[in-house]
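Visitor: Please take me on a close look at one part of this protein. I would like to begin with a helix and follow its surroundings from there.

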Amino acid sequence: MVSRVIPVDAFDLVIFGGTGDLARRKILPGLYRRFWAGQMPDEARIIGAARTDQDVAAFRTMVAEAIAEFVSERKRDADCIKRFLDCIDYVTLDARGEAGWKELKSKCRANTVQAFYFSVGPGLFGDIAERLRSFKIARQDARIVVEKPFGRDLATAKELNRELSANFDESQIYRIDHYLGKETVQNLMAVRFGNVLFEPLWNAQYVDHVQITVAETVGVGGRGAYYDKSGAMRDMVQNHLMQLLCLTAMEPPAKFDPDAVRDEKLKVIRALDPVEADDIVRGQYREGAEPGYLQDVENPDSRTESFIALKCHISNWRWKGTPFYLRTGKRMAARMSEIVVHFKPTPHSIFGEEAGTKANVLSIRLQPDEGIDLSVTIKEPGPGGMRLMDVPLDMSFAEALGEEAADMPDAYERLIMDVMRGNQTLFMRGDEVEAAWAWTDPLIEAWTRRGSKPCSYAQGSTGPEEAMMLMHKDRRRWRELEQ
Ligand code: NAD
């Protein structure tokens with residue numbers, strides 16, 4: 001199979017916060033990999049812009065070090081790195097002051113794609129957007145890329161949207177949710193809408209329930225102070241899990257274009273019922289081999305959750321009666337993200353009870369190894385009569401695509417190239433983000449008002465016992481967490 005890399009047009013990409021952690025770990029190495037793959041042209045310019053007072057040479061050294069640390073050896077070619085570093089520039093700039101902005105303007109060219117990546121805290125979004133306009137740096141067709149967290153509730157998200165839209169049109173704003181950049185997430189749409197097999201069954205009549213899991217083995221680490229103000233609901237459910245839920249549950253858009261897809265996702269969020277208190281389990285990992293959550297955040301009284309499981313319902317014709325179970329947490333048994341669609345068993349077994357009853361399960365794995373797996377029922381081989389068993393029809397990308405899988409762009413690379421192409425399909429629209437907060441806020445307010453304490457769970461486990469009960473009371477079980 002020959003991979004097709006379609007180069008993007010020459011661009012100027014300004015990275016505000018170019019010396020920060022996200023730029024160093026993800027954005028700059030990702031851009032290098034696209035350069036190595038032949039997708040980013042030599043004529044492109046990447047301009048780091050940050051408070052750090054340094055010259056271009058020092059910034060290039062930082063970029064070279066980031067490539068050495070975060071790009072696999074196979075892709076680190078000396079000539080290629082040199083050519084990439086030639087594309088790099090730097091401006092010392094204060095987002096809240098006047099210094100550096102004129103210099104930045106002088107570096108921006110007239111006839112290239114123009115993009116500004118806001119890789120800084122959301123407190124600076126408004127300042128930067130305003131200066132891009134007042135210093136007449138951003139053109140009418142400029143694109144801006146903003147990072148999560150996009151607000152911490154509906155009010156703050158509205159305020160951020162207001163600050164951005166005072167200076168830019170919605171068609172220029174790219175709100176990143178890197179889960180949407182994952183190959184499998186797009187494959188979910190390919191599987192649903194590119195095959196005749198699934199879509200007729202994709203509804204409450206045939207789907208028993210859906211599970212969406214994003215489990216991490218790491219704790220909150222050095223982000224304790226930030227995380228403690230946020231928690232799993234704000235940090236993961238409102239954005240990543242919600243996006244996965246939307247793509248799984250949405251109606252087929254008329255075409256694969258940004259607004260058609262985002263309109264359908266928005267309808268799903270608006271059709272979500274409020275979640276009953278009994279259908280939410282929150283947890284905190286306790287002390288074990290590593291410090292517990294309360295030690296990590298240095299707040300012995302914290303009631304912020306590092307784990308959450310909840311059952312939600314979508315009140316529309318397609319999904320009425322099919323629950324969607326979401327769970328995410330830190331310090332769990334495995335690092336694993338997947339969407340699992342559990343179909344109902346056949347309405348009648350012609351083989352009798354002794355053959356056993358099985359049901360099809362479609363799992364869409366986002367990590368560790370991206371792929372899609374469908375369990376189908378066959379006859380247990382050999383003599384002994386008709387007994388049924390499940391076998392997987394497995395399509396791991398690494399196996400199916402061989403070497404090509406190793407060269408697949410990661411989520412950030414893909415999304416940045418989408419920005420350069422001007423394709424907003426895999427980015428969240430302002431109204432989607434607000435609708436997601438409008439659903440999340442009352443749940444958080446309710447448990448805060450009740451003063452509810454998270455349940456404790458062991459490190460390396462599947463979360464609190466109570467999360468198991470959430471399923472058991474519905475006579476269902478969570479999928480095993482596998483590495
Ligand atoms: P960071 O603290 O490591 O870097 C912040 C950057 O902003 C630095 O380059 C700093 O010089 C610059 N900066 C700060 N104040 C400035 C000012 N007044 N003027 C100009 N530049 C200024 O932060 P980070 O981890 O890189 O995160 C950046 C954003 O991305 C944050 O909103 C964060 O929540 C989000 N994010 C980060 C990650 C990650 O993995 N680091 C993941 C997802 C989202």
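Visitor: How far does helix α10 (residues 258-271) reach from its first C-alpha to its last?

Guide: Happy to help! This is a predicted model, in which local features need pLDDT of at least 70 and side-chain atom pairs count only at pLDDT 80 or more, while totals for chains, interfaces and linings use all residues. Residues are numbered from 1 along each chain as its sequence is written, and side-chain values use heavy atoms, leaving out hydrogens and water.

Helix α10 has 14 residues and reaches 20 Å, close to the 20 Å expected at 1.5 Å a residue. That expected span is 1.5 Å times one less than the number of residues; helices here are DSSP runs (H or I, at least four residues), and strands are E runs of at least two, numbered from the N terminus.

Among the buried residues of α10 are Ala260, Val261, Leu266, Val268 and Ile269, and the list also includes Arg262, Glu264 and Lys265. Buried means under 20% relative accessible area, with a 1.4 Å probe and protein chains only. These buried residues pack against α9 (231-249) and α15 (430-450).

The neighbour α9 is worth a stop, with histidine 240 found in it. An unreviewed UniProt entry annotates His240 as "active site", though such annotations may be inferred rather than shown by experiment. With a relative accessible area of 2%, histidine 240 counts as buried. Leaving aside residues up to four places away in sequence, histidine 240 touches Lys148, Asp177, His178, Tyr179 and Asp235, where contact means heavy atoms within 4.5 Å. With aspartate 177 there is also a side-chain to side-chain polar contact of 2.7 Å, that is, a pair of N or O atoms within 3.5 Å, one able to donate a hydrogen and the other to accept it; residues adjacent in sequence count only if both atoms are side-chain atoms.

For another helix to set beside α10, take α2 (residues 56-70): its 15 residues should span 21 Å at 1.5 Å a residue, and its end C-alpha atoms are 21 Å apart, which agrees. In α2, the buried residues are Phe59, Met62, Val63, Ala66 and Ile67. They lie on the same side of α2 because they cover an arc of only 140° around the axis, taken from the directions from the helix axis to the C-beta atoms. What covers them includes α1 (21-36), β2 (45-50), α3 (78-86) and β3 (88-92).

Technical notes
Buried means under 20% relative accessible area, exposed over 50%, partly exposed in between (1.4 Å probe, protein chains only).
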